[in-house]
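New to this one? Here's a quick tour to read alongside the picture. Have the sequence handy as you go.

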Amino acid sequence: MALLIEVNNVSYSHPVPGGPPHPALREISFSINAGENIAIVGANGSGKTTLARHLNALLLPDSGSIRIMGLDTKDRKNHLKIHQEVGIVFQSPQEQMIATSIEEDVAFGPENLGLSTNEIQERVKESLKHVGMWDQRSRSPQHLSAGQMQRVALAGVLAMQPACVVFDESTAMLDPFGREDVLESIEMLKKNGITVIMITHFME
């Protein structure tokens with residue numbers, strides 16, 4: 001298996017205005033191979049989301065290093081490629097939605113890659129079909145259930161054609177039906193050989 005993510009001795013503290021930084025990660029090291037399915041389980045406040053944000057360069061380590069497919073996250077010229085390869089589905093999907101229709105929202109990421117209009121349209125269609133939302137593509141994201149919002153957020157990530165998808169507490173605010181939607185999506189990703197990292201405080 002090819003090495004996809006390499007985290008080496010990473011520490012990070014959140015800046016606190018007017019006070020000392022708040023430690024969140026301390027000397028974390030691990031590696032993940034392409035196609036693996038990993039769960040990171042821990043209590044609320046244990047640093048899981050901070051770690052997730054490091055995996056696609058939304059945050060950068062104070063010390064240590066993170067490499068995604070060999071690309072150092074501290075090198076800003078690597079960030080676009082890293083954002084493309086590692087997608088995150090957050091706990092509150094509405095925070096990821098900025099457009100007036102589902103279709104426009106899913107197209108946002110591919111548009112930023114500078115792809116052709118035909119390629120963007122094909123990616124949007126394929127990713128929305130994957131999550132069962134193509135027939136509702138003209139609806140506003142704000143009129144969806146929480147489970148449907150998570151599926152659209154996942155479609156937006158899939159449209160980037162990532163090597164890895166991180167689910168950051170993506171089922172925490174969902175009812176059992178919404179949670180089942182997300183778990184079905186994860187099984188679909190596994191079957192397609194995409195690396196899945198599930199961050200959760202639910203041991204089950």
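**A first look**

Let's start with Asn9, which sits in strand E1, the stretch covering residues 3–16. Keep in mind that this is a predicted model. From that strand, the tour goes on to the two sheets and then to the helices.

**Asn9 and its backbone**

- Phi of Asn9 comes out near 55°, which is a positive value in a residue other than glycine.
- Is Asn9 buried, exposed or partly exposed? With a relative accessibility of 40%, Asn9 counts as partly exposed, because that label covers the range between under 20% (buried) and over 50% (exposed).

**The antiparallel sheet**

- E1 belongs to an open sheet of four strands, set out in the order E2-E1-E4-E5 with antiparallel pairing.
- E2 and E5 are the edge strands here, each with a single partner strand, so one side of each has no neighbour in the sheet.
- On one side, E1 is joined to strand E2 (residues 19–33) by nine bridges, and the two run antiparallel.
- Val16 has Gly19 of E2 as its bridge partner.
- The hairpin of E1 and E2 has two residues between the strands, and Gly18 takes a positive phi near 75° there.
- E1 also pairs with E4, through five bridges, and this pair runs antiparallel too.
- Two of the bridge partners in E4 are worth finding: Ser63 goes with Ser11, and Arg67 goes with Glu6.
- As a general point, side chains in a regular strand alternate between the two faces of the sheet.

**Met69, in a loop**

- Where is Met69 placed? Look in the loop between strand E4 (63–68) and strand E5 (71–72).
- Met69 isn't a glycine, yet it has a positive phi of about 55°.
- At 42% relative accessibility, Met69 counts as partly exposed.

**The parallel sheet**

- There is also an open sheet of four strands in the order E3-E8-E7-E6, and here the pairing is parallel.
- Its edge strands are E3 (37–41) and E6 (86–89), each of which pairs on one side only.
- From one strand to the next, the twist averages 15°.
- How many bridges join E3 to strand E8 (residues 195–200)? Five do, and the two strands run parallel.
- Within this pairing, Ile40 has Ile199 of E8 as its bridge partner.

**Helices on that sheet**

- Helix H5 (residues 146–158) lies across E6 and strand E7 (164–168), and runs at about 170° to E6.
- Helix H6 (residues 176–191) packs on the sheet as well, where it touches E3, E7 and E8, and its direction makes about 150° with that of E8.

**H5 meets H6**

- The axes of H5 and H6 are 8 Å apart, and the helices pack at an angle of about 25°.
- Because angles under 35 degrees count as roughly parallel, H5 is roughly parallel to H6.
- Their crossing is right-handed.
- From H5, the residues in the contact are Gly147, Gln150, Arg151, Leu154 and Leu158; from H6, they are Gly178, Asp181, Val182, Ser185, Met188 and Leu189.
- Sorted by class, that contact has five nonpolar, four polar and two charged residues.

**H3 meets H4**

- Helix H3 (residues 102–112) and helix H4 (residues 117–130) have axes that come within 9 Å and cross at roughly 125°.
- H3 and H4 are therefore oblique to each other.
- H3 passes H4 in a right-handed crossing.
- On the H3 side you'll find Ile102, Glu103, Val106, Ala107, Pro110 and Glu111, which meet Ile120, Val124, Ser127 and Leu128 of H4.
- By class, the contact of H3 with H4 has seven nonpolar, one polar and two charged residues.

**A buried lysine**

- Lys48 lies in helix H1, which covers residues 48–54.
- Why does Lys48 count as buried? The relative accessibility of Lys48 is 7%, and buried means under 20%.
- Leaving aside neighbours within four places in sequence, Lys48 is in contact with Ile40, Val41, Gly42, Ala43, Glu169, Ile199, Thr200 and His201.
- Among those contacts are Ile40 and Ile199, the bridge partners that link E3 and E8.

Methods:
Residues numbered from 1 in each chain as written. Predicted model: local features only at pLDDT ≥ 70, side-chain atom pairs only at ≥ 80, totals over all residues. Heavy atoms only, no water. Axes fitted to C-alpha atoms, helices over the stretch in contact; angles between N-to-C directions. Parallel < 35°, antiparallel > 145°, perpendicular 65-115°, else oblique. Left-handed = near helix turned anticlockwise from the far one by under 90°. Contact = heavy atoms within 4.5 Å. Nonpolar A, V, L, I, M, F, W, Y, C, P; charged D, E, K, R; others polar. Buried < 20%, exposed > 50% of the residue type's maximum accessible area, 1.4 Å probe, protein only. Pairing = 2+ DSSP bridges.
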